[in-house]
Amino acid sequence: MPSKISSDPFTIALKNLDIRFWIGSVGFFTLASRALAVVIGFQIYKITHSAMALGWLGLVEAIPAISLVSIGGYVADHFSRRKILLITRASSCLCALALVFLSTQSYSHSLIGLYSVIFLAGIARGFADPANTAFEAQVVPKTITVNASSWIGSVWVGCSVVGPALIGFVFAACGACGSYLLITAFFLLSWASTLAIGPKPQVMPEHKEPFLKSVATGWRFVLGHQPLWAAMALDLIAVLFGGVVALLPIFATDILHVGPQGLGLLNAATSVGAFGMMLYATKHPPIANAGRNLLLTVAGFGISVLIFGFSRNFLLSLAALCLSGVFDGISMVIRRSMVRLLSPDDMRGRISAVNWMFICSSNELGAFESGMVAAWLGAIPCVAVGGIVTLAVAGVTACVAPQLRQLRFDPKTMERVYLP
């Protein structure tokens with residue numbers, strides 16, 4: 001008699017042992033990386049009290065990550081993605097240990113060291129991100145892509161809640177050293193979970209093209225498919241201008257006056273909303289009208305950012321960030337599924353590299369843009385302008401990208417549905 005887990009469509013992906021290990025790998029890595037973002041941002045703002053310093057933090061990670069992600073995509077298509085992830089996760093452990101050491105030094109001498117370690121982490125990320133997305137496609141069978149993506153996304157978001165919320169209190173109680181030691185432990189558990197997944201068959205390119213030609217092939221595929229490039233560009237511009245995470249230390253310290261504990265809760269609030277929405281998506285995937293839903297969620301994200309920017313109440317700010325997470329959660333499920341379902345097997349690494357180049361540009365360059373504009377105009381006008389730009393971009397994309405607007409998938413077969 002089949003077990004309940006195998007017959008329930010809500011939990012069908014969890015039947016697979018390797019998917020459960022992969023969820024553990026993603027979860028522990030997310031706990032570590034999201035907690036790290038909170039600690040490093042608060043630590044640097046405590047040293048400098050400068051919005052521009054927070055912007056530089058994003059740029060320091062973006063430079064190597066964006067520069068190397070194309071190479072990382074090529075490597076992910078030509079070498080074992082599992083081995084790449086094991087090496088890069090081990091590198092993350094070493095970076096976290098380096099931050100433990102630097103936190104024992106005086107603030108005046110540790111600032112350049114903190115930036116240097118984040119730069120090294122960005123190098124590892126340039127290789128890890130394309131391999132991560134491509135390896136997930138090897139672990140997850142196509143027929144349960146959306147269910148597995150929703151579970152993986154739910155765990156990612158859930159750990160994005162726990163990591164920042166927990167680390168804010170750990171930082172208040174144990175300082176930076178204790179926080180970085182806990183982060184190191186999370187990175188180590190992620191490495192162990194990845195190791196527990198056995199080697200998977202990997203489709204290699206039949207002919208090894210020259211590097212630049214191979215990378216160009218990935219870009220040509222993305223640019224030749226309007227739903228892919230339009231969705232990536234939409235996310236890039238929305239997060240580039242509408243993202244507020246880099247400025248949260250300023251809001252927590254100078255506007256809402258809630259300290260490191262409040263900063264952790266603010267960082268977690270976005271993920272709370274996304275977590276609930278992703279759990280809902282495990283049973284009700286938003287993939288049937290993927291394009292329309294994606295455009296609507298980006299517009300909703302812009303509205304929630306505007307509410308946060310003008311709020312002076314801590315609870316209202318938490319609610320606005322939570323609402324932004326609801327919209328972002330839907331967007332993540334749709335975009336993750338699109339990249340998986342629209343990519344040929346032997347090009348997943350290179351296509352993932354293009355996708356991650358957009359993501360790195362939006363997140364880290366968005367942090368630099370936020371810091372620069374906030375230093376010029378102030379944090380509140382910076383967030384308000386970002387919300388308005390996000391709304392405008394959603395409207396423009398709906399007009400200029402009809403193939404994205406009309407994109408649909410059959411939830412049962414995961415095949416693209418073309419309108420007559």
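Me: Which residues line the second largest pocket?

Reply: In this predicted model, the lining of that pocket consists of Arg81, Ala134, Ala137, Gln138, Lys142, Pro201, Gln202, Val203, Arg340, Asp345 and Arg348. The space in the second largest pocket is about 180 Å³. Helix H5 (residues 107-139) gives the most to this lining, with three residues.

Me: How do you know which lining residues of the second largest pocket are nonpolar, polar or charged?

Reply: Ala, Val and Pro count as nonpolar, and Asp, Lys and Arg as charged, with Gln falling among the others, the polar ones. On that basis the lining of the second largest pocket has four nonpolar, two polar and five charged residues.

Me: What makes a space a cavity and not a pocket, and how many cavities of 30 Å³ or more does the search find?

Reply: In a cavity the 1.4 Å probe fits but cannot get out, whereas a pocket is an open set. The search of the whole structure finds three cavities of 30 Å³ or more. About 70 Å³ of space lies in the second largest cavity, and Asp235, Ala238, Val239, Thr297, Val298, Phe301, Phe327, Asp328 and Ser331 line this cavity. Helix H8 (226-242), helix H11 (290-310) and helix H12 (314-341) each give two or more residues to that lining. By class, the lining of the second largest cavity has five nonpolar, two polar and two charged residues.

Me: Why is Cys95 called buried?

Reply: Cys95 has a relative accessible area of 13%. Buried means under 20%, so Cys95 is buried.

Me: Why is Cys322 called partly exposed?

Reply: The relative accessible area of Cys322 is 24%. Partly exposed lies between the limits of 20% and 50%, so Cys322 is partly exposed.

Me: Why is Cys95 in no disulfide?

Reply: The closest cysteine sulfur to that of Cys95 is in Cys93, 9.4 Å away. A disulfide needs the sulfur atoms within 2.5 Å, so Cys95 is too far from Cys93 for a bond. For Cys322 the nearest cysteine sulfur, that of Cys159, is 17 Å away, and Cys322 is in no disulfide. By this rule the count is zero disulfides.

Me: What makes Tyr180 stand out in the largest nonpolar core?

Reply: Tyr180 is one of the residues that touch the most other members of this core of 57 residues, along with Ile40, Leu99, Ile183, Phe251 and Phe308. Helix H2 (residues 17-48) supplies the largest share of this core, 10 residues. Leaving out residues up to four places away in sequence, Tyr180 touches Leu36, Val39, Ile40, Gln43, Ala96, Leu99, Val100 and Ser103.

Technical notes:
Residues numbered from 1 in each chain as written. Predicted model: local features only at pLDDT ≥ 70, side-chain atom pairs only at ≥ 80, totals over all residues. Heavy atoms only, no water. Core = buried A, V, L, I, M, F, W, Y, C linked by side-chain atoms within 4.5 Å. Buried < 20%, exposed > 50% of the residue type's maximum accessible area, 1.4 Å probe, protein only. Helix = DSSP H or I, 4+ residues; strand = E, 2+ residues; numbered from the N terminus. Contact = heavy atoms within 4.5 Å. 1 Å grid on protein atoms, 1.4 Å probe; cavity = no way out; pocket = protein on both sides within 12 Å on 5 of 7 lines; lining within 4 Å. Points joined across faces, edges and corners; volume = space filled by probe spheres on them.
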